[in-house]
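Please look through the structure below with its nonpolar side chains in mind. The paragraphs after it go from the inside to the surface.

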Amino acid sequence: MAGGAASTTNYTSTGTTTGQKFLFPFILVTSLFFMWGLAYGLLDVLNKHFQEALSINKARSTLLQAAYFGAYFLMALPAGLLMKRFSYKSGIILGLLLYAAGAALFYPAAHYANFNFFLGALFVLASGLTFLETAANPYVTVLGDRATSEQRLNLSQCFNGLGSFLGPIIGGALFFGGEKEAGAGSDLSSVQLVYIVMAVVVLLIAFLFYRTRLPEIASAEGETGKAAGTGKKLFAHRHFTLGITAQFFYVAAQVGVGALFINYVTEYWEGATSEKASYLLAVSLALFTIGRFVGTALMRKIAPNVLLTWYALINIALCAVVIMGKGAISVYALIGIFFFMSIMFPTIFALGVKDLGEHTKEGSSFIIMSIVGGALVPYVMGAIAESQSTAISFIVPLLCFVVVLLYGWKGYKTK
């Protein structure tokens with residue numbers, strides 16, 4: 001999933017400031033974007049898998065999103081405070097250890113086939129992701145020229161999209177593979193396998209970070225100095241507070257669209273199975289990834305806020321087609337939404353923390369907290385899907401994209 005912060009303060013590392021000094025840290029931190037993208041890509045597949053394997057309804061299955069994104073809300077501020085007290089590196093290593101612990105807990109959760117146990121494991125895993133996102137997003141934006149912070153963050157987010165793309169492919173093949181065979185849909189052993197492998201890989205990455213020296217980033221004015229525009233308190237920055245609101249509703253839209261994607265495809269595309277729908281989700285996330293590359297290129301010519309506004313407007317129209325529930329056409333519209341969501345998280349993030357200077361780490365924490373929209377709103381979609389229809393439930397992301405449009409049009413402006 002994921003996003004980014006940018007500051008217009010001039011930044012420098014505590015070591016040399018050459019491009020070579022920043023290159024390897026940029027590559028290493030960008031690898032984190034892939035890992036949390038993979039975790040998110042698996043999440044939406046788990047929704048449908050648990051509906052079948054644990055006999056739960058759509059609304060209850062969206063509690064997975066509540067546990068996942070609720071962790072962001074509860075842990076983002078502690079993550080920011082820890083990094084302010086220590087360093088980005090310490091936050092990254094702690095995040096990786098929590099990620100590995102949560103993934104390992106999937107094994108006993110699957111053994112007991114207990115949905116509440118899965119929710120607890122996912123909360124621990126997502127707590128780790130909160131530390132990773134709170135650290136990696138602002139860290140990437142200051143590893144280079146401030147004028148290209150949005151482009152650099154969107155580039156890193158491309159690898160987040162790659163992980164999100166692979167997640168549904170892995171989940172579709174292992175969770176739903178051979179689903180026509182008796183009992184295939186209720187087998188949780190594949191869940192155990194996937195998450196244990198993830199835990200091992202994440203521990204290896206944590207060891208690599210532990211053994212690698214990373215430059216700590218500080219403002220040129222010093223941590224206690226005043227950068228341009230930071231004489232006032234954090235929440236006195238209007239573009240920042242509106243950025244929190246816009247991010248809340250954007251993440252709500254993204255998570256809701258993904259959570260009910262497989263349900264929508266199987267209900268409105270005649271003959272579609274959960275496995276086929278998982279692969280279509282992978283295609284959607286591939287478009288999401290491509291959209292990041294395209295958006296990064298377009299931002300060389302088009303202002304980020306303008307691109308954000310147009311993309312939000314297009315998604316409002318696509319959501320309207322999805323609500324119509326017109327078979328394949330509506331499914332194609334649903335897939336198209338992913339392309340135009342691609343730049344939204346990092347662009348809102350970057351615009352929201354611009355000119356925060358010494359408040360950048362703290363501001364990053366609050367914008368990460370706004371991800372709680374992904375915990376609350378999808379349950380509303382699930383409830384509407386149960387009481388009305390899955391198609392009608394997409395009025396929720398439509399309204400969310402209206403909020404994003406308003407931020408890109410007017411709300412992003414700094415004073």
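What follows describes a predicted model, beginning with its core and ending with a surface patch.

The largest nonpolar core contains 132 residues. Within this core, the residues with the most contacts are Leu-32, Tyr-68, Phe-69, Tyr-195, Phe-209 and Tyr-250. Helix 1, residues 19-53, contributes the largest share of the core, with 16 residues.

Tyr-68 is a convenient place to start. Leaving aside residues up to four places away in sequence, Tyr-68 touches Trp-36, Ala-39, Tyr-40 and Leu-43, and also Leu-122, Ala-126 and Leu-129. Both Tyr-68 and its sequence neighbour Phe-69 are buried.

Aromatic rings come next. A pair of aromatic rings is described by the distance of the centres and the angle of the planes. The structure holds 20 aromatic pairs. In one of them, the ring centres of Tyr-68 and Phe-69 lie 4.7 Å apart with the planes at 65°. This angle is over 60 degrees, so the Tyr-68 and Phe-69 pair counts as edge-to-face. Phe-69 also pairs with Tyr-72, and here the rings are stacked, with 5.8 Å from centre to centre and 25° between the planes.

How are Phe-69 and Tyr-72 placed along helix 3? They are three residues apart in this helix, which spans residues 63-85, and therefore about one helical turn separates them. Phe-69 has 0% relative accessibility and so counts as buried. Tyr-72 is likewise buried, because its relative accessibility is 0%. Elsewhere, Phe-50, Phe-106, Phe-115, Phe-118 and Tyr-195 make up one aromatic cluster; Tyr-195 is also among the core residues with the most contacts.

Back in helix 1, consider Thr-30. Is Thr-30 buried or exposed? Its relative accessibility is 6%, so Thr-30 counts as buried. Not counting residues up to four places away in sequence, Thr-30 touches Ser-156 and Phe-159.

Phe-159 leads on to the surface, as one of the residues of a nonpolar patch of about 920 Å². The other members are Leu-155, Leu-162, Leu-166, Ile-169, Ile-170, Leu-174, Leu-193, Val-197, Val-201, Tyr-279 and Phe-293. Which helices each supply at least two residues of the patch? They are helix 6 (149-175), helix 7 (189-211) and helix 10 (274-298). Helix 6 gives the largest share, seven residues. Ile-170 lies in helix 6 and is partly exposed, because its relative accessible area is 30%.

Note on methods:
Residues numbered from 1 in each chain as written. Predicted model: local features only at pLDDT ≥ 70, side-chain atom pairs only at ≥ 80, totals over all residues. Heavy atoms only, no water. Core = buried A, V, L, I, M, F, W, Y, C linked by side-chain atoms within 4.5 Å. Buried < 20%, exposed > 50% of the residue type's maximum accessible area, 1.4 Å probe, protein only. Helix = DSSP H or I, 4+ residues; strand = E, 2+ residues; numbered from the N terminus. Contact = heavy atoms within 4.5 Å. Phe/Tyr/Trp six-rings, centres within 6.5 Å; stacked < 30°, edge-to-face > 60°. Patch = residues over 30% accessible without salt bridge, like charges linked within 9 Å, V, L, I, M, F, W, Y side chains within 5 Å. Areas by Shrake-Rupley, 256 points an atom, 1.4 Å probe, with all protein chains shown as cover. Salt bridge = Lys/Arg side-chain N within 4 Å of Asp/Glu carboxyl O.
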